Each structure stands twice: as structure tokens, then as C-alpha cells.
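Please look through the sequence and the model below before reading on. The paragraphs that follow move from one chain to the other and then to what lies inside them.

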Amino acid sequence: MTAIIEVDSLTKRYGSKRGIIDVSFQVEEGEVFGFLGPNGAGKTTTIRLLMALLRADAGKARIAGLDVWQQSVEIKRLIGYLPGELSLDPNLTGGQILEYFGHLRGGIDQVYLKQLIARLDCDPSRKFRQYSSGNKRKIGLIQAFMHRPRLLILDEPTNGLDPLNQQEFDRMVKEVRDEGRTVFLSSHILSEVEQTCTRVAIIREGQLVRVGDVAEVKDIKRHEITITFANAVPTEAFKTLDGVAQVERLSDGQTLRLTMQGGADAVIKAAAQHAVVSLTSHEPSLEDIFLRYYEGDGLAVKEASHVV
Amino acid sequence: MWFKSIYLKTLRDYRIAILGWGAGMGLLMYVVLVAVPSLVTTAAARAALVSLGGTFSWIAEPIALGTPGGYVTWKYGLTLLVIAIWPLMACSRLLRGEEERGSLDALLSLPRGRGRVALEKLAAVWTALLLMGLLIALLAFAGGKSASADFGLFDALLFGLNVALICGVFGSLALLLSQFTQERGTASGLTGGLLLVFIVLDMVHRVIPNTEWISRLSPVYYYNLSKPLVPASSYGVPSSSYGTNPGGLLVLLALSVLLSGAAVWLFARRDVGGTVALPRWLRLPERAVRPERALPVNAWSLRSVYTRSLGMIAVPTFWWTLVIAGFAGWMVVVVKQIEAQMTSLYASSPLLKEEITKVGGGDLATNATILSFLFVFLPLLLMAFAVTQANRWSADEEDGRLELVLSTPQPRLRVLLGRFAALTTATVIIGVLTLAATALASAATGLQLDGGNLAAATLSIIPLGLLVAAIGYLLSGWLRTAVDTGLLSFLLVIWFFISFIGPDLNWSDATLRLSAFYYYGTPLLHGLPLLNMLGVLAVSIVALALASVRFVRKDIGR
């Protein structure tokens with residue numbers, strides 16, 4: 001596969017304030033790439049740099065081999081874009097907005113447009129200011145998808161969508177991927193990214209902290225094994241075992257929660273020395289990984305802990 | 001301190017407006033008051049001025065024109081109503097603007113009743129108006145002192161209070177109307193229209209005898225009842241006729257309380273984000289479009305950035321054309337009536353003669369001279385229109401409305417030039433329709449005007465409008481919308497002072513050249529000032545080019 005997005009040491013500052021610092025990653029053609037981070041981490045700044053709405057202070061970004069700043073017009077022929085905050089003329093109807101952007105893109109397939117409207121259950125006859133936030137988002141999504149772009153750049157696309165429409169959106173993304181087109185989406189909803197994306201990047205305080213396959217990212221995080229014994233067992237029996245990072249006794253006195261990094265063979269063998277009532281192992285979610293990257297940062301942990 | 005209450009926070013938002021409008025209008029009063037003694041140096045000049053006042057009585061009742069207080073009340077009493085633009089915009093924005101932005105939801109989530117929120121905001125508007133009135137009063141008093149006028153500080157304060165009260169009425173009206181409109185712009189527009197209607201209604205009784213009952217329907221009538229800068233005792237007239245009219249002040253106060261009270265009452269009872277339901281017969285017919293038929297729209301205005309920009313500017317262009325072409329046509333109609341009085345005044349007031357000579361063009365023997373003097377207001381109006389449109393461009397970027405347009409394969413330069421081209425089209429339309437209106441008025445009244453010069457006078461306002469727009473676009477490359485619009489408005493005021501007050505103060509030609517109005521010249525008398533206009537166009541093109549360079553390279557920001 002070839003890279004459709006290449007970001008190399010991209011840096012953007014807002015005066016003395018941080019934007020993003022030395023961000024580098026690649027997105028392969030045909031994949032669904034998730035861009036994760038809490039509010040203010042630099043997701044939108046990165047996206048607006050890719051869209052040539054901001055100019056980088058340093059570094060380069062290329063889309064389909066073209067420089068995002070120098071050849072932005074050519075690039076935008078390939079892109080469908082949904083901004084994080086949608087601001088459109090409140091006096092135009094949804095239909096008028098879609099027609100206007102259709103013209104600016106040189107014309108679109110009306111049949112496909114009507115299919116999208118039907119799929120997202122959107123009423124294009126109402127004025128934009130009369131829409132709820134979810135319906136505004138639908139108009140934004142339709143205008144991003146309607147010209148069948150080679151690359152979709154979506155900034156927090158499901159904000160405000162109800163679960164049914166989120167599912168429909170997931171299906172639309174999968175169809176795009178199946179057609180060999182690319183999706184780059186930002187989110188702070190980790191389960192959404194886990195479900196939709198093939199690869200993921202995590203950004204924190206303007207710097208990229210991890211890029212990898214969703215499965216690969218899962219592997220680096222710690223397992224959690226919870227064992228309930230028939231009688232109380234000393235924690236020391238497990239603390240020094242291979243693969244055990246932490247042992248915690250729960251309030252009932254008979255249950256131990258073990259945080260694992262590595263294989264569980266030694267733990268299983270040690271547990272077998274005692275009468276075991278139950279043993280459960282938790283598959284890590286991206287929420288866990290996300291929280292791990294913010295360990296020791298009180299504010300960030302607090303933000304991340306609100307993530308659904 | 002400023003964030004302790006809704007009242008203080010709102011007042012803080014108005015601090016620049018208080019200084020700008022209060023000091024601006026106050027300075028106007030000051031400068032005019034200082035200049036009055038030199039206008040009426042002889043008894044003959046005073047008599048001629050009184051005669052002229054009689055002819056222009058449709059503007060304002062001419063009382064004691066030979067005195068500084070009388071002259072300034074007659075000449076600028078109406079002009080001062082320009083300040084009512086601020087409260088009508090501020091009050092349209094007060095609740096409806098916050099609803100549009102969605103910020104009112106957060107404010108109403110506080111443990112405060114809706115009525116209290118509205119009243120705190122309204123109190124801030126009233127405080128701002130009273131402070132503006134105070135600034136105007138103090139500067140008018142200072143001007144009066146310099147001119148040895150016979151009104152005192154208390155009279156000046158009453159003058160300021162009268163201004164604050166009439167502004168309060170239009171602010172309250174805007175607040176009430178905004179309860180019925182989805183957008184603040186609609187409420188502002190409607191109130192602005194009513195302001196013009198009320199000004200005209202007030203004029204009716206001064207033009208047509210026995211029609212005072214019609215004028216009583218206008219709040220402006222009650223504003224004009226009070227003439228605090230014309231103290232009653234000085235002129236041997238019945239004391240109830242002049243000076244401050246407490247009844248007039250009370251009517252204005254009562255109107256404000258009534259309109260504001262109704263607005264707050266309705267606000268406390270309607271849906272936030274919704275409007276007060278009108279009776280069925282007052283509602284506009286709704287065009288019900290079935291969702292499946294909503295596309296394709298096939299509207300001409302949606303085909304490109306240029307046509308969309310034209311569609312956006314169409315309604316304001318219509319109203320501004322009505323004002324500018326209407327003003328020009330009306331001036332042609334009335335100018336013939338005042339020729340004799342003006343000739344007499346020229347003969348007896350050397351300073352006024354000099355002023356008219358400088359601004360109007362110097363050929364005192366023709367109607368065109370007076371018309372030329374009055375036509376200087378045409379570029380001012382068109383430039384004000386350009387300010388509003390430059391503001392809209394800047395606001396669209398600030399509000400993020402350009403973001404999706406710029407995500408399409410449209411070069412930034414095309415987006416900017418498309419918008420500017422639409423504005424250019426609108427200014428050309430206004431210019432051409434102004435020419436048509438004046439030509440028709442000229443033919444209808446039999447006023448002899450040179451066709452070529454008339455075309456020059458009406459069409460050469462276009463480059464001046466474009467100049468202001470280009471400067472506005474240029475400034476928006478760096479400045480926030482409020483600052484951009486404020487600076488542009490300030491520039492207009494400065495130019496106005498230089499061109500209209502400068503001759504009174506005998507400023508040098510080099511200083512007068514700093515004003516864009518200078519380059520408009522006197523086309524009605526002397527034809528198109530081709531070099532001047534080319535110069536203005538060249539500066540406009542340079543400003544637009546710089547604006548384009550900046551826009552193409554800048555971060556598109558919120």
C-alpha cells in the first residue's frame with residue numbers, strides 16, 4: 001500500500017501557545033485511521049494544517065504526494081472534509097447548502113446524494129438554523145461524503161449523532177474502506193475508534209505518543225486478572241512472579257486483582273496452589289491504553305476518565 | 001470586578017461603544033458650537049441664517065438660530081439621532097444575539113430568573129446610554145463655554161438626557177421586535193426602518209399645516225419638543241415653548257419602560273431560541289417543501305462563490321439603494337426651493353459662503369452649487385454601506401463560515417475576489433440607480449442640471465465605496481471583526497470631520513487631502529475629477545491586492 005497522508009515533523013504554534021510539536025505519521029491508502037486525544041491535544045490543529053486552513057511553522061505534510069500548502073487546491077479535489085465545529089449560513093436550507101457545495105466541487109451525483117440523505121434520515125427542506133446539532137452534523141457528513149472523495153478527513157464526526165445514525169455512519173465508513181478509499185477521523189471516543197479504525201495515533205499535549213494498529217496498541221497495555229480464592233491468600237505470593245506489575249487486594253479480602261504485563265503462566269501456576277473460586281481476565285480496551293498514556297497527569301486522567 | 005454580575009459583564013462589553021459614540025458625538029457638538037460665532041458675525045448674516053432655517057424647517061424647528069445653542073440644536077439635533085443606531089443594534093443583540101450564538105442557554109442555567117437576566121442586561125444598556133449622554137453633555141457644555149453660549153451645565157446635561165432617552169426608546173423597540181424575529185439582524189433592520197419612518201413622521205407637521213397629530217405618533221416628535229440648549233428666558237418667548245419640555249422627556253421615558261417591559265415580559269414566557277407566536281393573519285406564508293422535493297434547488301445564487309455572495313448582499317443592497325438614491329432624488333426636488341435664501345445667505349455670511357465654496361464648488365449662481373454641497377453626503381452613505389459589507393466578510397471568517405468553502409477546490413484568492421466582485425456589483429448598481437433617481441427627479445422638477453456632471457456626481461461615489469471596502473478587507477487580514485469595523489467607522493468619522501468641519505476651522509489643503517471625500521470633489525459643477533478617481537481606484541486596487549496576499553497566506557481562524 002502507498003501512503004496517502006505523509007506528515008513529517010509538523011509543528012504549529014499560536015504565538016507563545018502550543019499547537020502541535022514535531023508530529024510525524026503516515027496514513028496508508030485504503031485504511032481507516034483514527035486520531036485520538038483529549039480536548040486541546042492538537043487533533044483539530046493537525047487536521048486544519050492538512051486542510052491548508054493553517055500554515056505550518058515547520059515540517060511538511062503531503063496528501064497523495066502533493067504538498068498540502070502549495071498544492072492545496074489540487075488536494076481538495078480529492079478530499080471530503082467535516083470540521084469539528086460546523087458553521088454555515090443559517091438562512092440557507094440543508095438542500096441549498098448541499099447544492100452550493102456540490103457546485104463548488106464541480107457537480108455531484110444527485111442519486112448518490114439522495115441516498116445519503118435517506119440513509120441519515122435528514123430533512124433538507126429546513127433552514128440550517130432550525131436544525132438540531134445532530135441534524136447539522138448530518139448535513140456536514142453528507143457534504144463530506146457526497147462527491148465520493150478519495151480521502152475523507154473527519155473531525156469528531158459522530159458528535160451529536162444518535163446511536164442509530166452512528167451505526168449508519170459506521171456502515172458508511174466501512175463501505176468507503178471496502179471501495180479502497182481512505183478515512184482519517186479524529187475522536188476522543190475510544191470505543192468508536194476501536195470499532196471503526198484499522199490503525200490509530202494518540203496525541204497528547206501536541207505531541208504524538210503512539211502510532212500503530214489497533215490490535216498492536218492493545219498488546220502493549222497491561223492485562224488485568226481478577227482471582228477470587230476460597231480463603232485469603234497473601235499478596236506476596238504473586239508480587240514477585242514473572243509478568244506481574246501490581247497486586248491489589250479487594251475489600252472482600254479473598255479477591256486479588258493483578259495487573260499483568262506479559263504472560264500469565266506463572267500466575268496461573270501459583271494460583272493453582274490455592275482453592276480458586278473464580279478467575280477472570282479482562283481484555284484491554286483503548287480506554288485503558290488511553291488512560292495509561294496519561295498516568296501521572298492528574299488533569300489529563302480526569303479528562304480521559306470522562307470518555308465513554 | 002467586571003465579571004461579578006451579568007450587569008457588569010454587559011457594561012464591560014459596551015466600554016468602547018460608550019467612549020466611541022459618546023466622545024464622537026460630543027466632539028461633533030463641541031466643534032460646531034465653537035465655530036458658530038464666526039458664522040454669524042453680522043446682523044445680516046444672522047438674518048440670512050434665520051431665513052435659511054425657515055426654508056429647512058422640515059429638518060428641525062429653527063429656534064434662535066443666531067445663537068450657538070439654537071444653531072446646533074437645529075442643525076445637529078437630527079444628525080445626533082445617528083447615535084440611536086448603537087442602542088438598536090445593541091438591544092437586538094442583547095437577547096436574540098445570545099440566542100443565535102447559543103450562549104443564552106448557559107446563562108439561563110444559572111440560578112437566576114429570566115426576567116432578572118434580561119433586566120440586568122437592559123440596565124447595562126441604560127447605563128451605557130446615560131454615560132454617552134453625559135459625555136455629549138460635557139463636551140457640548142465645553143463647546144458652549146468657548147462660544148460664550150447662554151446655556152449652562154444643567155441645560156447641557158438635560159440635552160444629554162434627552163439624547164439618552166430617545167436612544168432608549170429605539171433600543172427598547174429593537175428589544176421588543178427581537179422577541180418576534182429569529183435573527184437579530186431582522187430586528188435591527190426593522191427598528192432602523194422604523195427610525196427612518198418616525199423621523200419622516202416628525203417632519204410632516206413642519207411641512208404640512210394642521211398635521212401635528214400625525215407627528216405625535218413619532219417618538220422623535222417628543223425628542224424635538226425639548227431644546228435644552230435654547231434656554232427659554234433668553235429670547236423673550238413663552239417659557240413653555242423652549243428649553244426642556246418635561247412632558248416630552250416623560251413620554252420618552254414612559255415609552256421606553258413600556259416597550260422594554262413588554263419585551264422582558266414576552267422573553268420570560270417564550271421558548272429560548274423560538275419567537276413569540278404572531279396571530280395567524282400577521283404570519284408570513286410558509287413555503288412548505290416536501291423533503292423529497294427539496295433537491296435539486298436549481299437556484300442561480302448557488303452556482304459559485306460570486307453568485308452566492310450576490311445572493312447574500314441582495315437584500316442590504318436593496319435597502320441601501322432606497323436610502324442613497326432616495327436621498328439624492330429628494331435633494332434634487334428640494335434644492336430649487338432654497339436657491340433664493342441661499343444666495344442671500346452667501347451675501348451676508350462670508351464664512352458660510354467660504355464653506356459652501358470649498359465643499360460645494362464655488363459657483364454660487366446655480367442650483368447645482370447647493371446640490372453639489374448636499375451631494376457630498378452620497379459617498380458618505382455608500383462608504384457606510386461598504387463598512388457593513390466589509391464587516392460581514394470579516395465576521396464570516398471569524399465565525400468559521402469560510403472553513404467549508406475553503407475545503408472545496410476553490411482557491412482562496414477566488415473566494416476573496418468573488419466576494420469583493422459581488423460587493424463591487426452592488427456598489428455599481430447603487431451608483432447607477434442613484435443616477436437614474438436624480439435624473440428622473442431633475443426631469444420631474446425642471447431643475448436644469450448638466451447630464452454629464454450628474455452622471456459624474458452619482459457614479460464617482462463608486463470608487464470611494466470600493467476604497468472603504470478594500471481597506472476593510474485589508475484590515476480583516478489581521479484584526480478581529482469588532483476592531484476592524486470600529487477602525488473603519490472611525491476612519492469614516494475622521495474623514496467626515498476633516499472634510500465637513502475642516503473648512504470651518506481653516507485647515508490647510510494638505511490636511512483636507514487626508515480625507516477621501518476630498519477626492520470626490522465637486523463633480524456636479526466641474527465634471528468627473530478623473531485623476532482623483534483614478535488615484536482612489538489605484539489605492540483601492542493596492543489595498544485589495546495586499547488584502548489578497550494576506551488572505552492567501554494567513555491562518556483561517558475562529
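**From domains to core**

In this predicted model, the domain assignment of chain B gives two domains, with domain 1 covering 1-38 + 81-276 and domain 2 covering 374-558. The C-alpha centres of domain 1 of chain B and domain 2 of chain B are 29 Å apart, and the contact between them draws five residues from domain 1 of chain B and five residues from domain 2 of chain B. On the side of domain 1 of chain B that touches domain 2 of chain B, three residues are nonpolar and two are polar, while no charged residues are found there.

Turning to chain A, its secondary structure amounts to 12 helices and 14 strands, and buried residues make up 42% of its 308 residues. Of the contacts in chain A with a separation of 6 or more, 68% are between residues 24 or more positions apart.

A useful place to enter chain A is strand 7, which spans residues 151-155. Why can strand 7 of chain A be called largely enclosed by the rest of the structure? Five of its five residues are buried, and therefore the rest of the structure largely encloses it. In a regular strand, side chains alternate between the two faces of the sheet. Here Leu151(A), Ile153(A) and Asp155(A) point one way from strand 7 of chain A, whereas Leu152(A) and Leu154(A) point the other way, and all are buried.

Strand 7 of chain A has partners that can be followed through one residue. Strand 6 of chain A, residues 79-82, pairs with strand 7 of chain A in the parallel sense over four bridges, and within this pairing Gly80(A) has Leu152(A) as its bridge partner. Strand 8 of chain A, residues 182-187, also pairs with strand 7 of chain A in the parallel sense, over five bridges, and there the bridge partner of Leu152(A) is Val183(A). Together with helix 6 of chain A, residues 163-178, strands 7 and 8 of chain A make a right-handed β-α-β unit.

The largest nonpolar core has 139 residues, and those with the most contacts inside it are Ile142(A), Ile153(A), Phe184(A) and Ala470(B). Helix 20 of chain B, residues 461-475, gives the most to this core, with 12 residues. Leaving aside residues up to four places away in sequence, Phe184(A) touches Leu151(A), Leu152(A) and Ile153(A), as well as Ile5(A), Val27(A), Phe33(A) and Phe35(A). A second, separate core of 87 residues includes Leu11(B), Ile63(B), Ile83(B) and Leu122(B).

Technical notes:
Residues numbered from 1 in each chain as written. Chains lettered and ligands numbered in written order. Predicted model: local features only at pLDDT ≥ 70, side-chain atom pairs only at ≥ 80, totals over all residues. Buried ≥ 20, exposed ≤ 12 C-beta atoms within 10 Å, placed from the backbone. Helix = DSSP H or I, 4+ residues; strand = E, 2+ residues; numbered from the N terminus. Pairing = 2+ DSSP bridges. Right-handed = clockwise from strand over helix to strand, strands pointing away. Domains from an automatic or database assignment. Contact = placed C-beta atoms within 7 Å. Nonpolar A, V, L, I, M, F, W, Y, C, P; charged D, E, K, R; others polar. Core = buried A, V, L, I, M, F, W, Y, C linked by C-beta atoms within 7 Å.
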